[in-house]
Amino acid sequence: MMKINSAAGAAGSVTYQVRRSGMALRMVTILAVLLPVGLGLSYALLSLLGHTAHLWQALRDTVLIFLFTQAGVCGRLLIGRKGQRFAWVRTSDAGLAFAAYRRAARFVPWTAVRSVRVRCAGPLAELVITPETVDAVIVMEGGVPAQRPVRRRRAPAFVVDIGMMRPGNAAMLAEIHDRLSRA
């Protein structure tokens, strides 16, 4: 696989990115769903063990621990590390450039893209990019490890989390399919 500095044909390109605030919102959403499940399991377990006297104190402690953990995780995401980038996707006349969270960017020319589809919905949506061959994918320079292909439908593919990207999943997919039809 070759290495290049940037995607060719950056003129007329559209970039889709995850904002730090969007990532924090995703974490809050996921953790907010886990809170009632955790409380329910704690209540059931304590009831089975016969600790009803200490039940409300244990549930209060569980809620406090959960809320402090959630605040720490969200704070860590918002502050981040210097140079740390979230996932992004860029469409241009030359092809599709993308990077998964904390991975080096990749570039696929439109002629080498077999299929692009969205898997799941909402904040857990993923963009699955299937190239004709893995050799057609170009690794762009970066100081982080490159993303490895995964097997989807018996073909090597690259997966990028796009659930919280802006301007939006529908706009991104429409842009990609429009560029694929022109290639």
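Arginine 179 pairs with glutamate 175 in a salt bridge whose closest N and O atoms sit 2.6 Å apart. This is a predicted model, and this arginine is a handy way into it. The two partners are four residues apart in helix 3, so about one helical turn separates them. Glutamate 175 counts as buried because its relative accessible area, 19%, falls under the 20% cut-off. Arginine 179 is buried as well, with a relative accessible area of 7%.

The arginine has a second acidic partner, aspartate 93, again with 2.6 Å between the closest N and O atoms of the salt bridge. Here the pairing spans the chain: aspartate 93 lies in the loop between strand 3 (88-91) and strand 4, while arginine 179 is in helix 3, so the bridge ties together parts that are 86 residues apart in sequence. Unlike the arginine, which is buried at 7%, aspartate 93 counts as exposed, at 54% relative accessibility. Through shared partners, the salt bridges join Asp93, Glu175 and Arg179 into one network.

There is more going on around this side chain. Helix 3, where arginine 179 sits, covers residues 169-182. The arginine side chain also reaches the backbone oxygen of serine 92, at 3.3 Å. Setting aside neighbours within four places in sequence, the residues in contact with arginine 179 are Gly12, Ser13, Val14, Thr91, Ser92, Asp93 and Trp110.

Now for the salt bridges elsewhere. A search of the whole structure turns up five of them. One of these links the side chains of glutamate 126 and arginine 119, at 2.9 Å from N to O. Glutamate 126 counts as buried, at 15% relative accessibility, whereas arginine 119 is partly exposed, at 27%.

Stepping back to the overall fold, the chain has three helices and 11 strands. Read along the sequence, these elements follow the pattern β-β-α-α-β-β-β-β-β-β-β-β-β-α. Of the 183 residues, 37% count as buried. Among contacts between residues at least 6 apart in sequence, 67% join residues at least 24 apart. The chain exposes about 10,600 Å², and carbon and sulfur atoms supply 61% of that area.

Next come the aromatics. The structure holds one aromatic pair. It is made by phenylalanine 98 and phenylalanine 158, whose ring centres are 5.7 Å apart and whose planes meet at 50°, so the pair is tilted. Phenylalanine 98 belongs to strand 4 (residues 95-99) and phenylalanine 158 to strand 10 (residues 155-161), so the pair ties together parts that are 60 residues apart in sequence. Phenylalanine 98 is buried, at 0% relative accessible area, and phenylalanine 158 is buried with 0% too.

Strand 10 is also home to proline 156. The C-alpha atoms of proline 156 and isoleucine 129 are 8.9 Å apart in space, with their positions 27 residues apart in sequence. Apart from neighbours within four places in sequence, proline 156 is in contact with Thr130, Pro131, Val134, Pro149, Val150 and Arg151.

A backbone oddity turns up at cysteine 120. This residue is found in the loop between strand 6 (113-119) and strand 7 (126-131). Most residues other than glycine have a negative phi. Cysteine 120, though not a glycine, has a positive phi of about 70°.

Finally, helix 1 deserves a look. Leucine 34 lies in this helix, which covers residues 20-49. Together with Ile30 and Leu124, Leu34 makes a nonpolar surface patch of about 250 Å². Leucine 34 itself is partly exposed, with a relative accessible area of 44%. Glycine 40 is placed in helix 1 too, and this glycine is partly exposed, at 37%. Glycine 40 and leucine 59 are 19 residues apart in sequence, and their C-alpha atoms are 9.3 Å apart in space.

Key. Residues are numbered from 1 along each chain as its sequence is written. This is a predicted model: local features need pLDDT of at least 70, side-chain atom pairs count only at pLDDT 80 or more; totals for chains, interfaces and linings use all residues. Side-chain values use heavy atoms; hydrogens and water are left out. Helices (H or I, at least four residues) and strands (E, at least two) are DSSP runs, numbered from the N terminus. A polar contact is a pair of N or O atoms within 3.5 Å; within protein, one must be able to donate a hydrogen and the other to accept it, and residues adjacent in sequence count only if both atoms are side-chain atoms. Contact means heavy atoms within 4.5 Å. Patches are made of residues with over 30% relative accessible area and no salt bridge: like charges are joined within 9 Å, nonpolar side chains (Val, Leu, Ile, Met, Phe, Trp, Tyr) within 5 Å. Accessible areas come from the Shrake-Rupley method with a 1.4 Å probe; for residues, only the protein chains shown count as cover. A salt bridge is a side-chain nitrogen of Lys or Arg within 4 Å of a carboxyl oxygen of Asp or Glu. Buried means under 20% relative accessible area, exposed over 50%, partly exposed in between (1.4 Å probe, protein chains only). Rings of Phe, Tyr and Trp (its six-membered ring) pair if their centres lie within 6.5 Å; planes under 30 degrees apart count as stacked, over 60 as edge-to-face and the rest as tilted.
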